[in-house]
Every structure is written in structure tokens, then in C-alpha cells.
Amino acid sequence: MKPTPLTLLALPEPGPCGRVCGASATSSVDARTDRILQQMITENFADCTVIAIAHRLNTILGADRVLVLDSGTKREFDTPVNLVRTEGGIFSAMVRCVVR
């Protein structure tokens with residue numbers, strides 16, 4: 001039996017949006033489903049603070065800010081563009097590994 005991917009997304013109540021927390025929203029889905037979910041999140045929660053745990057770099061490259069944790073400790077926090085430009089940075093190294 002093939003395992004069923006688990007998708008977990010916390011949705012806010014109707015009305016003015018505050019925060020949306022997504023835990024592993026797309027960690028175990030195929031690339032097509034990932035794109036659909038990311039588009040849905042982007043379109044429907046544009047006015048919200050979205051806190052996501054990213055398992056794929058492409059899901060956070062359009063974020064306003066990225067927090068990089070290492071063993072639970074904050075290592076980097078900035079825009080994706082600034083983090084990519086940071087020489088010797090963790091985020092920059094991860095992006096370079098994916099681009100190769």
C-alpha cells in the first residue's frame with residue numbers, strides 16, 4: 001500500500017486576517033501539488049502573516065523575510081535576496097547547492 005501524503009495547513013477564521021501558520025504544508029507532496037498549494041497560499045493569504053516551515057527553497061524565495069535556524073538557534077534573518085548575497089551564509093550555501 002502506497003503511503004498517503006499528509007497535508008497540514010492551519011486556516012484562519014473568516015474576516016480580517018492576522019496570521020496563518022503552516023506546518024509541513026507541502027513537505028510530502030509531488031512538485032505539481034506543491035505549486036498548486038503555494039499558489040493558493042499566496043493568493044488567499046496575501047494580507048496575512050504566513051509562518052511556514054519550508055522543506056523546499058522555492059517555497060520561500062518569494063517571502064518577505066526568511067529566518068534560518070540551525071539546531072533551534074537563529075543564524076540568519078533577512079530578505080531572501082539579501083540572504084542569497086551573504087557570502088558564507090547558510091541560506092546562500094543552500095541556494096547554491098540547489099542551483100548547481
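**Note on the predicted model**

1. The hairpin of S3 and S4 has two residues between its strands, and serine 71 there adopts a positive phi near 55 degrees. The model is a predicted one. Serine 71 belongs to the loop between S3 and S4. Its positive phi of about 55 degrees comes although the residue is not a glycine. Most residues other than glycine have a negative phi. Serine 71 has a relative accessible area of 76%, so it is classed as exposed.

2. The strands on either side of this loop are paired. S3 and strand S4 (residues 73-78) run antiparallel to each other, and five bridges join them. Across the pair, aspartate 70 is placed opposite threonine 73 in S4.

3. Aspartate 70 also takes part in a salt bridge: its side chain meets that of arginine 75, at 3.6 Å from N to O. Side chains of opposite charge can pair when their charged atoms come close. The count of salt bridges comes to one. Which class of accessibility does arginine 75 fall into? Arginine 75 is partly exposed because its relative accessibility is 46%. Aspartate 70, at 35% relative accessibility, is likewise placed in the partly exposed class.

4. Strand S3 includes leucine 67. Together with Leu69 and Phe77, Leu67 makes a nonpolar surface patch of about 320 Å². Leucine 67 has a relative accessibility of 47%, and therefore counts as partly exposed.

5. What makes up the largest nonpolar core? The core has seven residues, namely Leu57, Ile60, Val66, Val68, Leu83, Phe91 and Val95. At least two of these residues come from strand S3 (66-70), and at least two from helix H3 (90-99). Strand S3 thus appears in two settings, as a supplier of this core and as the strand that holds leucine 67.

6. Isoleucine 60 is one of the core residues. When residues up to four places away in sequence are not counted, isoleucine 60 touches Ala54, Val66, Pro80 and Phe91. Val66 and Phe91 are also listed among the members of the core.

7. Helix H3 contains serine 92. Is serine 92 buried or exposed? Serine 92 is buried, because its relative accessible area is 4%, and the cut-off for that class is under 20%. With its neighbours within four places in sequence left aside, serine 92 has contacts with Leu83, Val84 and Thr86. Of these partners, Leu83 is named in the core.

8. For the chain as a whole, there are three helices and four strands. The order along the sequence is β-α-β-β-β-α-α. The protein chain has 100 residues, and 24% of them count as buried.

9. Two further totals describe the protein chain. Taking contacts between residues at least 6 apart in sequence, 39% join residues at least 24 apart. The exposed area of the chain is about 7,600 Å², of which carbon and sulfur atoms supply 55%.

How values were computed:
Residues are numbered from 1 along each chain as its sequence is written. This is a predicted model: local features need pLDDT of at least 70, side-chain atom pairs count only at pLDDT 80 or more; totals for chains, interfaces and linings use all residues. Side-chain values use heavy atoms; hydrogens and water are left out. A salt bridge is a side-chain nitrogen of Lys or Arg within 4 Å of a carboxyl oxygen of Asp or Glu. Buried means under 20% relative accessible area, exposed over 50%, partly exposed in between (1.4 Å probe, protein chains only). A nonpolar core is a set of buried Ala, Val, Leu, Ile, Met, Phe, Trp, Tyr and Cys residues joined through side-chain atoms within 4.5 Å. Contact means heavy atoms within 4.5 Å. Two strands pair if DSSP finds at least two bridges between them. Patches are made of residues with over 30% relative accessible area and no salt bridge: like charges are joined within 9 Å, nonpolar side chains (Val, Leu, Ile, Met, Phe, Trp, Tyr) within 5 Å. Accessible areas come from the Shrake-Rupley method with a 1.4 Å probe; for residues, only the protein chains shown count as cover.
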